Amino acid sequence: MGIKIFVNEGTPDISTYQAAIKFAGLPMLKANGIYSQFSQACIKREKQFPTGLKLADGMGIAIPHGDSNLVKVSGISFVRLLKPVSFGLMEDAQQQIDCKFLFNLALAKGDEHLTILRKLMKLFQSKEFIQDLAELPLDLLTSNLQTKLN
Amino acid sequence: MKKVLVVCGNGIASSSIMLAGLKDYLDEQGVKADLDKASLMDCTDDTFNSKDLIVSSTKLNRPGVKTPVIVGSALLTGIGEDEVLKQIKDELTK
(Lines give C-alpha, C1' and ligand atoms only; values in the text may rest on other atoms or scores of the structure.)
Protein backbone atom coordinates (compact mmCIF):
# COMPACT_ATOMS: atom_id res chain seq x y z
CA MET A 1 0.00 0.00 0.00
CA GLY A 2 1.32 3.39 -0.98
CA ILE A 3 1.94 6.38 1.23
CA LYS A 4 -0.06 9.40 0.12
CA ILE A 5 2.06 12.40 -0.87
CA PHE A 6 0.87 16.00 -0.56
CA VAL A 7 2.85 18.84 -2.05
CA ASN A 8 2.12 22.51 -1.42
CA GLU A 9 3.71 25.90 -1.47
CA GLY A 10 3.54 27.86 1.78
CA THR A 11 1.52 31.03 2.19
CA PRO A 12 3.20 34.43 2.79
CA ASP A 13 1.92 34.65 6.36
CA ILE A 14 3.85 31.60 7.62
CA SER A 15 6.71 32.85 9.77
CA THR A 16 7.02 30.31 12.60
CA TYR A 17 7.62 26.56 12.68
CA GLN A 18 4.32 26.13 14.50
CA ALA A 19 2.45 27.80 11.65
CA ALA A 20 4.42 25.79 9.09
CA ILE A 21 3.58 22.49 10.80
CA LYS A 22 -0.11 23.44 11.03
CA PHE A 23 -0.13 24.35 7.35
CA ALA A 24 1.52 21.05 6.45
CA GLY A 25 -1.16 19.17 8.36
CA LEU A 26 -4.09 20.81 6.54
CA PRO A 27 -4.14 18.69 3.35
CA MET A 28 -3.80 15.49 5.40
CA LEU A 29 -6.60 16.61 7.68
CA LYS A 30 -8.76 17.42 4.69
CA ALA A 31 -8.08 13.99 3.20
CA ASN A 32 -9.08 12.47 6.54
CA GLY A 33 -5.60 10.96 6.92
CA ILE A 34 -4.88 12.32 10.40
CA TYR A 35 -6.77 13.12 13.58
CA SER A 36 -7.10 16.82 14.37
CA GLN A 37 -4.64 16.53 17.29
CA PHE A 38 -1.82 15.35 15.04
CA SER A 39 -0.30 18.74 14.18
CA GLN A 40 -0.37 19.86 17.80
CA ALA A 41 1.44 16.64 18.74
CA CYS A 42 4.09 17.36 16.10
CA ILE A 43 4.56 20.88 17.48
CA LYS A 44 4.90 19.55 21.00
CA ARG A 45 7.41 16.94 19.89
CA GLU A 46 9.31 19.56 17.92
CA LYS A 47 9.81 21.57 21.11
CA GLN A 48 11.28 18.61 22.93
CA PHE A 49 13.06 16.87 20.07
CA PRO A 50 13.50 19.28 17.17
CA THR A 51 13.80 17.88 13.66
CA GLY A 52 15.67 20.60 11.78
CA LEU A 53 18.52 19.15 9.73
CA LYS A 54 21.45 21.01 8.28
CA LEU A 55 22.40 19.81 4.83
CA ALA A 56 25.88 19.85 3.33
CA ASP A 57 25.46 23.32 1.83
CA GLY A 58 24.14 24.73 5.09
CA MET A 59 20.53 24.65 3.94
CA GLY A 60 17.85 23.47 6.35
CA ILE A 61 15.12 20.87 5.99
CA ALA A 62 12.77 19.96 8.81
CA ILE A 63 11.07 16.60 9.16
CA PRO A 64 8.46 17.09 11.91
CA HIS A 65 6.67 13.87 12.79
CA GLY A 66 4.14 12.77 15.31
CA ASP A 67 2.52 9.89 17.06
CA SER A 68 1.38 7.00 14.82
CA ASN A 69 -1.76 6.73 16.96
CA LEU A 70 -2.97 10.03 15.56
CA VAL A 71 -2.62 8.84 11.97
CA LYS A 72 -5.45 7.15 10.07
CA VAL A 73 -3.81 6.76 6.66
CA SER A 74 -0.07 7.15 6.16
CA GLY A 75 0.86 10.33 4.37
CA ILE A 76 3.70 12.75 3.84
CA SER A 77 3.06 16.44 3.41
CA PHE A 78 5.83 18.41 1.74
CA VAL A 79 5.79 22.20 1.99
CA ARG A 80 7.98 24.55 0.00
CA LEU A 81 7.96 27.66 2.13
CA LEU A 82 8.06 31.10 0.52
CA LYS A 83 10.47 32.28 3.17
CA PRO A 84 12.49 30.06 5.52
CA VAL A 85 11.31 29.62 9.10
CA SER A 86 13.46 28.77 12.08
CA PHE A 87 13.39 25.21 13.45
CA GLY A 88 15.41 23.77 16.32
CA LEU A 89 18.38 21.73 15.19
CA MET A 90 18.00 17.99 15.75
CA GLU A 91 21.51 17.53 17.12
CA ASP A 92 21.22 20.45 19.52
CA ALA A 93 17.86 21.86 20.60
CA GLN A 94 19.56 25.12 21.68
CA GLN A 95 20.49 25.90 18.08
CA GLN A 96 18.26 27.03 15.25
CA ILE A 97 18.29 26.38 11.55
CA ASP A 98 16.38 28.25 8.84
CA CYS A 99 14.34 25.74 6.85
CA LYS A 100 12.78 26.37 3.48
CA PHE A 101 11.50 22.84 3.08
CA LEU A 102 9.51 20.68 5.37
CA PHE A 103 8.43 17.08 5.22
CA ASN A 104 5.67 16.43 7.71
CA LEU A 105 5.58 12.66 8.24
CA ALA A 106 2.27 11.14 9.31
CA LEU A 107 2.99 7.46 9.30
CA ALA A 108 0.73 4.88 10.82
CA LYS A 109 3.42 2.27 11.45
CA GLY A 110 6.80 2.41 13.13
CA ASP A 111 8.56 0.52 10.35
CA GLU A 112 7.28 3.07 7.84
CA HIS A 113 9.17 5.76 9.76
CA LEU A 114 12.29 3.70 9.40
CA THR A 115 11.90 3.12 5.65
CA ILE A 116 10.87 6.68 4.85
CA LEU A 117 13.52 8.34 7.00
CA ARG A 118 16.16 6.17 5.39
CA LYS A 119 14.94 7.11 1.90
CA LEU A 120 14.70 10.80 2.75
CA MET A 121 18.18 10.92 4.26
CA LYS A 122 19.63 9.35 1.13
CA LEU A 123 17.70 11.79 -1.08
CA PHE A 124 18.78 14.79 1.01
CA GLN A 125 22.37 14.04 0.07
CA SER A 126 21.57 14.50 -3.61
CA LYS A 127 22.02 18.03 -4.96
CA GLU A 128 19.71 17.21 -7.83
CA PHE A 129 16.92 16.20 -5.46
CA ILE A 130 17.24 19.42 -3.44
CA GLN A 131 17.13 21.39 -6.66
CA ASP A 132 13.95 19.52 -7.64
CA LEU A 133 12.39 20.44 -4.29
CA ALA A 134 13.19 24.09 -4.92
CA GLU A 135 12.29 24.37 -8.58
CA LEU A 136 9.94 21.70 -9.94
CA PRO A 137 6.33 22.71 -10.56
CA LEU A 138 4.19 21.26 -7.80
CA ASP A 139 2.43 18.62 -9.93
CA LEU A 140 5.73 17.28 -11.26
CA LEU A 141 7.23 17.32 -7.81
CA THR A 142 4.25 15.35 -6.49
CA SER A 143 4.75 12.53 -8.98
CA ASN A 144 8.50 12.69 -8.45
CA LEU A 145 8.07 12.24 -4.69
CA GLN A 146 5.42 9.53 -5.19
CA THR A 147 7.95 7.48 -7.12
CA LYS A 148 10.92 8.15 -4.89
CA LEU A 149 9.22 7.61 -1.54
CA ASN A 150 7.03 4.61 -2.31
CA MET B 1 32.32 -6.16 25.62
CA LYS B 2 31.44 -2.46 25.82
CA LYS B 3 27.78 -1.55 25.92
CA VAL B 4 26.55 1.15 23.56
CA LEU B 5 23.08 2.66 23.70
CA VAL B 6 21.79 4.49 20.62
CA VAL B 7 18.95 6.89 21.44
CA CYS B 8 16.58 9.25 19.62
CA GLY B 9 13.30 11.04 20.33
CA ASN B 10 11.00 8.06 20.34
CA GLY B 11 13.38 5.17 19.83
CA ILE B 12 11.76 3.92 16.64
CA ALA B 13 13.22 5.26 13.45
CA SER B 14 16.23 7.53 13.84
CA SER B 15 17.93 5.31 16.39
CA SER B 16 17.39 2.23 14.19
CA ILE B 17 19.04 3.92 11.24
CA MET B 18 21.91 5.17 13.38
CA LEU B 19 22.34 1.74 14.93
CA ALA B 20 22.39 -0.02 11.55
CA GLY B 21 25.07 2.34 10.22
CA LEU B 22 27.12 1.98 13.37
CA LYS B 23 26.87 -1.81 13.36
CA ASP B 24 28.07 -2.07 9.76
CA TYR B 25 31.01 0.18 10.52
CA LEU B 26 32.05 -1.60 13.70
CA ASP B 27 31.78 -5.03 12.00
CA GLU B 28 33.94 -3.77 9.18
CA GLN B 29 36.49 -2.37 11.64
CA GLY B 30 36.44 -5.57 13.68
CA VAL B 31 35.32 -3.73 16.82
CA LYS B 32 33.01 -5.79 19.00
CA ALA B 33 30.34 -4.00 21.01
CA ASP B 34 26.98 -4.73 22.54
CA LEU B 35 24.59 -2.37 20.68
CA ASP B 36 21.10 -1.46 21.80
CA LYS B 37 18.61 1.32 21.05
CA ALA B 38 16.02 3.19 23.08
CA SER B 39 13.80 6.22 23.34
CA LEU B 40 15.24 9.25 25.11
CA MET B 41 12.01 9.66 26.99
CA ASP B 42 12.15 6.14 28.40
CA CYS B 43 15.72 6.38 29.65
CA THR B 44 16.52 7.26 33.23
CA ASP B 45 19.96 8.49 34.27
CA ASP B 46 20.53 4.96 35.62
CA THR B 47 19.80 3.42 32.22
CA PHE B 48 22.38 5.73 30.66
CA ASN B 49 24.90 5.19 33.42
CA SER B 50 24.73 1.40 33.04
CA LYS B 51 26.22 1.78 29.53
CA ASP B 52 29.77 2.50 28.38
CA LEU B 53 28.80 4.90 25.63
CA ILE B 54 25.68 6.76 24.50
CA VAL B 55 25.17 7.72 20.87
CA SER B 56 22.31 10.21 20.74
CA SER B 57 20.54 11.93 17.86
CA THR B 58 20.47 15.09 19.95
CA LYS B 59 22.57 16.79 22.62
CA LEU B 60 21.67 15.44 26.06
CA ASN B 61 21.00 17.95 28.77
CA ARG B 62 21.22 15.55 31.69
CA PRO B 63 23.74 16.48 34.35
CA GLY B 64 23.19 13.11 36.06
CA VAL B 65 24.52 11.16 33.09
CA LYS B 66 28.17 10.23 33.63
CA THR B 67 28.56 7.98 30.59
CA PRO B 68 30.25 9.68 27.62
CA VAL B 69 27.75 10.90 25.03
CA ILE B 70 28.48 11.29 21.32
CA VAL B 71 25.96 13.20 19.21
CA GLY B 72 25.36 10.89 16.28
CA SER B 73 22.87 12.71 14.06
CA ALA B 74 25.57 12.49 11.38
CA LEU B 75 24.82 8.76 11.22
CA LEU B 76 21.33 9.76 10.16
CA THR B 77 22.10 12.48 7.65
CA GLY B 78 25.41 11.08 6.42
CA ILE B 79 26.99 14.53 6.78
CA GLY B 80 30.19 14.30 8.80
CA GLU B 81 29.51 10.60 9.33
CA ASP B 82 33.11 9.41 9.00
CA GLU B 83 34.26 11.72 11.76
CA VAL B 84 31.57 10.58 14.17
CA LEU B 85 32.19 6.90 13.41
CA LYS B 86 35.89 7.39 14.08
CA GLN B 87 35.08 9.15 17.36
CA ILE B 88 32.89 6.22 18.42
CA LYS B 89 35.55 3.71 17.48
CA ASP B 90 38.17 5.62 19.44
CA GLU B 91 35.91 5.70 22.47
CA LEU B 92 35.27 1.95 22.23
CA THR B 93 38.87 0.95 21.75
CA LYS B 94 40.55 3.19 24.30
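**Enclosed cavities and a helix pair in chain B**

In this predicted model, the search returned 2 cavities of 30 Å³ or more, a cavity being a set of points, on a 1 Å grid over the protein atoms alone, where a 1.4 Å probe fits but cannot get out. Volumes are the space filled by probe spheres set on the points, which are joined across faces, edges and corners. Local features need pLDDT of at least 70, side-chain atom pairs count only at pLDDT 80 or more, and totals for chains, interfaces and linings use all residues. Residues are numbered from 1 along each chain as its sequence is written, and chains are lettered from A in the order in which they are written.

The largest cavity has a volume of about 80 Å³. Its lining (residues with an atom within 4 Å of a point) includes Arg45(A), Phe49(A), His65(A), Cys8(B) and Ser14(B). By class, this lining holds 4 nonpolar, 6 polar and 1 charged residues; Ala, Val, Leu, Ile, Met, Phe, Trp, Tyr, Cys and Pro count as nonpolar, Asp, Glu, Lys and Arg as charged, and the others as polar.

The second largest cavity, at about 50 Å³, is lined by residues including Arg45(A), His65(A), His113(A), Cys8(B) and Ser14(B). Here the classes are 4 nonpolar, 4 polar and 1 charged.

Turning to chain B, helices α1 (residues 14–29) and α4 (residues 81–93) have axes that come within 11 Å and cross at roughly 60°. The two helices, DSSP runs of H or I with at least four residues, are therefore oblique to each other, a class for angles outside the ranges under 35, over 145 and 65 to 115 degrees.

How values were computed. Heavy atoms only, no water. 1 Å grid on protein atoms, 1.4 Å probe; cavity = no way out; pocket = protein on both sides within 12 Å on 5 of 7 lines; lining within 4 Å. Axes fitted to C-alpha atoms, helices over the stretch in contact; angles between N-to-C directions.
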